Amino acid sequence: MRTRNLWTKAGVLGSMSAAFGSMLWSQKQAESEQVASGCTAAQTSPSSPYKLKLVQVLFRHGARTPLKSIPGVTEVQWSPTLLEPPAHTHIDYEVTDLHGGPRPPSPVEDSYRKNVLNGGSFPGQLTTLGMQQLYELGKKLRRRYVEETQFLSSTFTPAEVYVRSTNIVRTIESAKCLVAGLFLQKQTETVPIFTTGAESEILYPNYHACKLLKVLVSHRWAESSTLPDIAADMQSIKKALGIAAHQHMDFILIRDDMVARETHGLRCPSVLETWRTKVEQRAVDMIYHVYAQDSSTETLQLCVGPLLHSLIANIDEKLEGTSPDRKLFLYSAHDTTLIPCLMALGIYDMKWPPFAADITLELHQHRETNKPFVKVSYVGKDQLLPGCSGVYCPLEEFKKALSAHSIHPEAYHSLCNSKEGLAEP
């Protein structure tokens, strides 16, 4: 058994995804954890008419260093001492490709290694606080699925649990910390964390692999900065900070640095404090404009369609009995994964997903009829999806609700490279 130490490596999603990445205020994280802890096990207990069959958890990484500093604003010290892993998060793990081979290269991650933040840390690194947040999410899942329902074994076994991560250090380490909390470091085998190369990643909107998505998103990204309210507020905040009008900035970049500082108790300029609420609002407005299209579902389909297809395929395989031992799928991803997923599910609350936020899909079967149902929760709160007749959504209704956005990989690749789509402005 061996552990691959990745703490000396840092990475981010890529130029477009990096612009999107950021965090939520630490206060909101605390609130979400309180909501999450309110989940009870009664719904999956023997007295329930539903029997739990499969759990899939799509979650955001923990708190991290900023991706960039705000131009013209005094930087804080991002010391490597903020990145020390707590002893209780250590497990024996190995990062591989999807077939168990060597971990694929991550050129985007390597490119960010060329940048060093003030204090010596690299951009986008998972911090000690972020590691603890994922450990706590793991403990929350342990309470629900090990202690209260005995759905999972108390010790990790790869036949029962599948761990998948984007090929980014902060998500890999987030997955490791979650597993440590879920099984309290108990394991009989090395934990495999499966990743894939950037050209085939489906756990975030893949602008580099999908030409059409890049065209659509680039256009809407540029457009978002020119929307009247956003443009006017940006002009005002630049003036307040003494930043030249031609200097490139956007609210997501500002938010990213502000939240990183606040979350880790580091100083934020007082002039920015008065802008906190507005920055949060405008960052959400921008990302919503980029992903949402009133007249078409194409953008969301290209962002998360293959992922949604994979989640549904896991359900079908479980019901067909092709993966009898598998009980849990863990997907370690990003805020830029959760936001379009929430939008596709019809449950986006117009708030930035907090650190360690999770979308959890539970597959249940009715004990008397064997009819399958899917229950979706977000940060521990059960969700009623549009198109579903109840929180326990009949599988056929769940599939229909996602049909506009779920897409088979072959259709996805065909659409991504369609000349007709690429010819559109």
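Helices (H or I, at least four residues) and strands (E, at least two) are DSSP runs, numbered from the N terminus. With that in hand, let's work through some exercises.

The model is predicted: local features need pLDDT of at least 70, side-chain atom pairs count only at pLDDT 80 or more, and totals for chains, interfaces and linings use all residues. Residues are numbered from 1 along each chain as its sequence is written, and side-chain values use heavy atoms, with hydrogens and water left out.

**Exercise 1. Overview**

Find how many helices and strands the chain has, and what share of its residues is buried.

*Solution.* Start with the secondary structure: there are 15 helices and nine strands. Next comes burial, where buried means under 20% relative accessible area, exposed over 50%, and partly exposed in between (1.4 Å probe, protein chains only). Of the 425 residues in the chain, 58% are buried. Finally, look at contacts, meaning heavy atoms within 4.5 Å. Among contacts with a separation of 6 or more, 81% come from residues 24 or more positions apart.

**Exercise 2. Two positive phi angles**

Locate M350 and L184, and say how exposed each one is.

*Solution.* Take M350 to begin with: this residue sits in the loop between α12 and β6 (358–366). Its phi is near 60 degrees, a positive value in a residue other than glycine. M350 counts as partly exposed because its relative accessibility is 37%. Now turn to L184, in the loop between α5 (169–183) and β4. Phi of L184 is near 50 degrees, again positive in a residue other than glycine. With a relative accessible area of 35%, L184 is partly exposed.

**Exercise 3. The span of a helix**

Compare the reach of α10 with the expected span, then list its buried residues.

*Solution.* The expected span of a helix is 1.5 Å times one less than its number of residues. Helix α10 covers residues 276–291, which is 16 residues, and the expected value is 22 Å. From first C-alpha to last, α10 reaches 23 Å, close to that expectation. For the second part, the buried residues of α10 are V279, E280, R282, A283, V284, M286, I287, H289, V290 and Y291.

**Exercise 4. A helix pair**

Classify the packing of α11 and α12, and describe the residues that make the contact.

*Solution.* First, the geometry: axes are lines fitted to C-alpha atoms, for helices over the stretch in contact, and angles run from 0 to 180 degrees between N-to-C directions. Helix α11 (residues 298–320) and helix α12 (residues 335–345) pack at about 90 degrees, with axes 9 Å apart. Angles under 35 degrees count as roughly parallel, over 145 as roughly antiparallel, 65 to 115 as roughly perpendicular and the rest as oblique. The two helices α11 and α12 are therefore roughly perpendicular to each other. On the α11 side, the contact uses L300, C303, V304, L307 and L308, while α12 supplies T337, P340, C341, M343 and A344. For the classes, Ala, Val, Leu, Ile, Met, Phe, Trp, Tyr, Cys and Pro count as nonpolar, Asp, Glu, Lys and Arg as charged, and the others, Gly among them, as polar. The contact of α11 with α12 then has nine nonpolar, one polar and no charged residues.

**Exercise 5. The disulfides**

Which cysteines are joined, and what is the pairing in sequence order?

*Solution.* A disulfide is taken as a pair of cysteine sulfur atoms within 2.5 Å. Searching the whole structure gives two disulfides. One joins C210 to C416, S to S 2.1 Å. C210 lies in the loop between β4 (191–194) and α6 (211–224) and C416 in helix α14 (residues 409–416), so this pair ties together parts that are 206 residues apart in sequence. The link of C210 and C416 is left-handed, with -100 degrees about the S-S bond, and both cysteines are buried.

The other disulfide joins C388 to C393, S to S 2.0 Å. The link of C388 and C393 is left-handed, at -75 degrees about the S-S bond. C388 counts as buried at 12% relative accessibility, and C393 is buried at 3%. Numbering the bonded cysteines of the chain in sequence order gives the pairing 1-4, 2-3.

**Exercise 6. The surroundings of N206**

Where does N206 lie, and which residues does N206 touch?

*Solution.* N206 is placed in the loop between β4 and α6. With a relative accessible area of 2%, N206 is buried. Not counting residues up to four places away in sequence, N206 touches A198, E199, S200, E201, L213 and Y412. N206 and C303 are 97 residues apart in sequence and 6.8 Å apart in space, C-alpha to C-alpha.
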